[in-house]
Amino acid sequence: SGTFIYGTGTTARPVFLDHYAIGKFPVTEAEDKAFADATHLSGLPSHWTGGSYPAGRTNHPVPYVSLTNALKYCAWVASNTGWN
């Protein structure tokens, strides 16, 4: 928790967060697929075909994730790991 400066120049202002969590590594294609499969997610990443990511991208960061699906992923991880 703590205060950080949000914005730049004349729009910069201090913001206090009482708590937050952040991943150490980007979410991989395989992790996003596990989430999509477990939650029957609609609105899969636009580069996926047939319900999955392209071959050879298992451990690559997943691109083209909407804010809505990113928030759903975070909630899913929190409910399955107990870090919330």
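**Exercise 1. Contacts of Tyr53**

Find the residues that Tyr53 touches, leaving out those up to four places away in sequence.

*Solution.* Start from the side chain of Tyr53 in this predicted model. Setting aside residues up to four places away in sequence, Tyr53 touches Glu29, Ala30, Lys33, Trp48 and Thr58. Next, ask where Tyr53 belongs in the fold: Tyr53 is a member of the largest nonpolar core. One of its contacts, Trp48, is listed in that core too.

**Exercise 2. The largest nonpolar core**

List the residues of the largest nonpolar core, and say which helices each supply at least two of them.

*Solution.* The core has eight residues: Phe35, Ala36, Leu41, Trp48, Tyr53, Val62, Tyr73 and Val77. Helix 1 and helix 2 each supply at least two residues of this core. For background, nonpolar side chains in soluble globular proteins tend to be buried together.

**Exercise 3. Thr28 and its partners**

Decide whether Thr28 is buried or exposed, then name the residues in contact with Thr28 beyond four places in sequence.

*Solution.* First place the residue: Thr28 sits in the loop between strand 2 (13-17) and helix 1. Its relative accessible area is 14%, and the cut-off for buried is under 20%, so Thr28 is buried. Then look for partners. Leaving aside neighbours within four places in sequence, Thr28 is in contact with Thr58, Asn59, His60, Pro61 and Val62. Two of these residues have already come up: Thr58 also touches Tyr53, and Val62 is part of the largest nonpolar core.

**Exercise 4. Two positive phi angles**

Give the phi angles of His40 and Tyr64, and work out whether each residue is buried or exposed.

*Solution.* Begin with the general expectation: most residues other than glycine have a negative phi. His40 is not a glycine, yet its phi is positive, at about 55 degrees. Tyr64, also not a glycine, has a positive phi of about 60 degrees. Now locate them. His40 lies in the loop between helix 1 (29-39) and helix 2 (67-81), and Tyr64 is likewise in the loop between helix 1 and helix 2. Exposed means over 50% relative accessible area. At 70% relative accessibility, His40 counts as exposed; Tyr64, with 59%, is exposed as well.

**Exercise 5. Pairs separated in sequence**

For Asp37 with Ser52 and for Thr68 with Gly43, state the separation in sequence and in space.

*Solution.* Take Asp37, a residue of helix 1, which is partly exposed with a relative accessible area of 43%. Asp37 and Ser52 are 15 residues apart in sequence, and their C-alpha atoms are 9.6 Å apart. Move on to Thr68 in helix 2, partly exposed at 48% relative accessibility. Thr68 and Gly43 are 25 residues apart in sequence, with 9.7 Å from C-alpha to C-alpha.

**Exercise 6. The whole chain**

Describe the order of helices and strands, then explain why the chain counts as more spread out than a compact globule.

*Solution.* Count the elements: two helices and two strands. Along the sequence they follow the pattern β-β-α-α. The radius of gyration is 16 Å, well over the 12 Å that the globule rule gives for 84 residues, so the chain is more spread out than a compact globule. The C-alpha trace spans about 45 × 30 × 20 Å along its principal axes. To finish, check burial and surface: 19% of the 84 residues count as buried, and the accessible surface comes to about 6200 Å², with 59% belonging to carbon and sulfur atoms.

Terms used:
Residues numbered from 1 in each chain as written. Predicted model: local features only at pLDDT ≥ 70, side-chain atom pairs only at ≥ 80, totals over all residues. Heavy atoms only, no water. Helix = DSSP H or I, 4+ residues; strand = E, 2+ residues; numbered from the N terminus. Rg over C-alpha atoms; globule rule 2.2 N^0.38 Å. Buried < 20%, exposed > 50% of the residue type's maximum accessible area, 1.4 Å probe, protein only. Areas by Shrake-Rupley, 256 points an atom, 1.4 Å probe, with all protein chains shown as cover. Core = buried A, V, L, I, M, F, W, Y, C linked by side-chain atoms within 4.5 Å. Contact = heavy atoms within 4.5 Å.
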